[in-house]
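Open the structure in your viewer and keep the selection tool ready. The stops below say what to pick and what you will find there.

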Amino acid sequence: MKIIAGNWKMNGTCASLESVVHDLSSVETNNRIILCVPYTMLGVKSDKIAIGAQDVSAHTHGAYTGEVSASMVADMGAKYTIIGHSECRQYHGDTNDTVRAKAEQALANGLIPIICVGETMDEKQAGKTMEIIESGVRESIPSDVNSDIIVAYEPRWAIGAGLTPTSDEIAAAHTLIANTLTDMGLSGTPVLYGASVKGSNAAEIMSIPNVDGVLVGGASLKSDDFIPIITSVK
Ligand code: PGA
């Protein structure tokens, strides 16, 4: 069983989500399917597909115009939320500390956070990939986790770029993350790979040791692109 999570980013409508949810509901799979969608679509219901958000506020409530709290996301029936996505780190200034505060809010409200870590191209070229990944895991995850979390390794330079690291690079990153999680008392935490996953590379990526599933951006928006990823693995 793998976890196949889609990240719709700022795309779609309630109607397009309902259509994809309808198409996915007839797919035979043992994999866990999650669609992380804009807040406005969290009300769309599905028996087979879990719905998640893409971010939550680091605050519980109050004068934070434009923000949405984890309790509001849970109130809509969502079960998951992405936290610390590369685009939130890049455009909204999220740091490991912010990500940890948001993950605490998610956990306190019964959501499963999908906590993203990964290196930029500058960090990769400076030979800092492993250091950034390990500090990302250690600093972005709250200290007292006693319910489910998911970690996603997303090499930031590869997202939306049609680029993917080599299998050896993915294996090294995922082994480091698994070992770090074990050291933190969180062994067994699923670790997803994300960045330019598509039907043609999904099975190979998910055959790499310590890759427990994928986080899919662009290729999760249309059933014709997403279903081959879901059915590429048992
Ligand atoms: P991509 O995005 O699959 O379009 O590269 C991945 C992500 O941002 O989660």
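**Stop 1: two helices, H6 and H7**

The model is a predicted one. Select residues 129–140, which form helix H6, together with residues 167–183, which form helix H7; the two pack at an angle of about 35°, and their axes are 10 Å apart. The crossing of H6 past H7 is right-handed.

Now show side chains at the contact. On the H6 side, pick Met130, Ile133, Glu134, Val137 and Arg138. On the H7 side, pick Ala172, Ala173, Leu176, Ile177, Thr180, Leu181 and Asp183. Coloured by type, this contact of H6 with H7 has 8 nonpolar residues, 1 polar and 3 charged.

Stay on helix H7 and select Thr182, which also belongs to it. Is Thr182 buried or partly exposed? Its relative accessibility is 47%, so Thr182 counts as partly exposed. For a distance across the model, add Lys102: its C-alpha is 22 Å from that of Thr182, and the two residues are 80 apart along the chain.

**Stop 2: the nonpolar cores**

In soluble globular proteins, nonpolar side chains tend to be buried together. The largest nonpolar core here consists of 62 residues. To find its best-connected members, select Ile4, Leu35, Ile141, Ile177, Phe226 and Ile229, which have the most contacts inside this core. Helix H7 is the element that gives the most to this core, contributing 6 residues.

A second core, separate from that one, has 14 residues. Ile3, Ile34, Ala50 and Ala152 are among them.

**Stop 3: Phe226 and helix H9**

Return to Phe226 and centre the view there. Phe226 sits in helix H9, and with a relative accessibility of 0% it counts as buried. Which residues touch Phe226, once neighbours within four places in sequence are left aside? They are Ile4, Ala5, Gly6, Leu24, Ile33, Leu35, Val216, Ala219 and Ser220. Add Ile34 to the selection: its C-alpha lies 11 Å from that of Phe226, across 192 residues of sequence.

Next, widen the selection to helix H1 (residues 14–24) and helix H9 (residues 223–230). These helices pack at an angle of about 35° with axes 10 Å apart, and H1 passes H9 in a right-handed crossing. From H1, pick Val20, Asp23 and Leu24; they meet Ser223, Phe226, Ile227 and Ile230 of H9. By type, the contact of H1 with H9 comprises 5 nonpolar residues, 1 polar and 1 charged.

**Stop 4: Gly213 in strand E8**

Select residues 213–216, strand E8, and look at Gly213 within it. Gly213 is buried, at 0% relative accessible area. Not counting residues up to four places away in sequence, Gly213 touches Lys2, Ile3, Val191, Leu192, Tyr193 and Met206. Measuring from Gly213 to Gly6, C-alpha to C-alpha, gives 11 Å, although 207 residues of sequence lie between these positions as their separation.

**Stop 5: two positive phi values**

Most residues other than glycine have a negative phi. Select the loop between strand E7 (191–194) and helix H8 (202–206), where Ala195 is found. Phi of Ala195 is positive, near 135°. Ala195 is buried, with a relative accessible area of 5%.

Move on to Ser196, which is in the loop between E7 and H8. Ser196 is not a glycine, yet its phi is positive, about 60°. At 17% relative accessibility, Ser196 counts as buried, since the cut-off for that class is under 20%.

**Stop 6: the cysteines**

Finish by showing cysteine sulfur atoms. A disulfide is a covalent bond between the sulfur atoms of two cysteines. With a cut-off of 2.5 Å between sulfur atoms, the count of disulfides is 0.

Why is Cys14 not bonded to Cys36? The closest cysteine sulfur to that of Cys14 is in Cys36, and because the two are 16 Å apart, they are too far for a bond. Cys14 is partly exposed, at 35% relative accessibility.

Then select Cys116, which is in no disulfide either. The nearest cysteine sulfur to Cys116 is that of Cys88, 8.4 Å away. Cys116 is buried, with a relative accessible area of 2%.

Technical notes. Residues numbered from 1 in each chain as written. Predicted model: local features only at pLDDT ≥ 70, side-chain atom pairs only at ≥ 80, totals over all residues. Heavy atoms only, no water. Axes fitted to C-alpha atoms, helices over the stretch in contact; angles between N-to-C directions. Helix = DSSP H or I, 4+ residues; strand = E, 2+ residues; numbered from the N terminus. Left-handed = near helix turned anticlockwise from the far one by under 90°. Contact = heavy atoms within 4.5 Å. Nonpolar A, V, L, I, M, F, W, Y, C, P; charged D, E, K, R; others polar. Buried < 20%, exposed > 50% of the residue type's maximum accessible area, 1.4 Å probe, protein only. Core = buried A, V, L, I, M, F, W, Y, C linked by side-chain atoms within 4.5 Å.
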